[in-house]
Amino acid sequence: MILKTPICSFDARTGILCPKCDAKLRSGQLSETDVQVSSKLTKAAEKNQELAKLSLVKAEQVDQDYLLVLEPGSLAPLRHDPSFQKNLQMILGGKVWLTEADTTDKKALEDLFFPVRISNVNTAWLPDGSKLTKVVIPGRKTERFPHDTSMIGKILQESRGIDLMVEFERQ
Ligand SMILES: [Zn+2]
């Protein structure tokens, strides 16, 4: 099993892009973050076989955090190992959020809020034509709530153009 990344595995190992990947970077099909994250993860995978289970489609950096977009259907098995995400965070040196490519807005929201359950997602159109996505979380917000919801909002804004509003069922 070999870690899949948006650049060739040879490029990811050496840190030098082949002409094909270099052209993709220049045209904007690939980003600097894609290249850096692919390279870091590939190097780490040489010592940690678990990482080879990862199929990275795209990586984005939002502030100090990373959004890793994985191949459709590949995220659920990784969730079985709670240390997997922590490992990624250690390797990349920032908080890591995981989602899948070609997914619906609702599924992307569920991925980002994981392990918190979402009870409802509503979309509202504002008078100015912009769209607001409202997520309802069961219960009330406690000290133990694991996420920075404004960060999730920022990630969704940058990655999918979603304007997020988070509401808890109980105040
Ligand atoms: Zn290449």
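**Helix crossings and a zinc site**

Reader: At what angle do the axes of helix α3 and helix α5 cross?
Author: This is a predicted model, where local features need pLDDT of at least 70, side-chain atom pairs count only at pLDDT 80 or more, and totals for chains, interfaces and linings use all residues. Residues are numbered from 1 along each chain as its sequence is written, and side-chain values use heavy atoms, without hydrogens or water. Helices are DSSP runs (H or I, at least four residues), and axes are fitted to C-alpha atoms over the stretch in contact, with N-to-C angles from 0 to 180 degrees. The axes of α3 (residues 32–45) and α5 (residues 82–92) come within 10 Å and cross at roughly 115°.

Reader: How is α3 oriented to α5, and which residues of α5 make the contact?
Author: The crossing makes α3 roughly perpendicular to α5 (65 to 115 degrees). From α3, Val37, Lys40, Leu41 and Ala44 take part. Contact means heavy atoms within 4.5 Å. On α5 the partners are Leu88, Ile91 and Leu92.

Reader: Which residues are the protein donors of the zinc ion?
Author: Donors are N, O and S atoms within 2.8 Å of the metal (3.2 Å for Na, K and Ca). Here they lie 2.0 to 2.3 Å from the zinc ion. Their sequence spacing is C-x2-D-x6-C-x2-C. The residues are Cys8 (SG), Asp11 (OD), Cys18 (SG) and Cys21 (SG).

Reader: What is the arrangement of the four donor atoms around the zinc ion?
Author: Four donors need all angles between 85 and 135 degrees to count as tetrahedral. These subtend 96 to 123°, so the arrangement is tetrahedral.

Reader: Is Asp11 buried or exposed?
Author: Buried means under 20% relative accessible area, exposed over 50% (1.4 Å probe, protein chains only). Asp11 has 3% relative accessibility, so Asp11 counts as buried.

Key: Four donors count as tetrahedral if all angles lie between 85 and 135 degrees; four count as square planar and six as octahedral if opposite donors are over 155 degrees apart and all others between 65 and 115; anything else is irregular. Helices (H or I, at least four residues) and strands (E, at least two) are DSSP runs, numbered from the N terminus. Angles under 35 degrees count as roughly parallel, over 145 as roughly antiparallel, 65 to 115 as roughly perpendicular and the rest as oblique.
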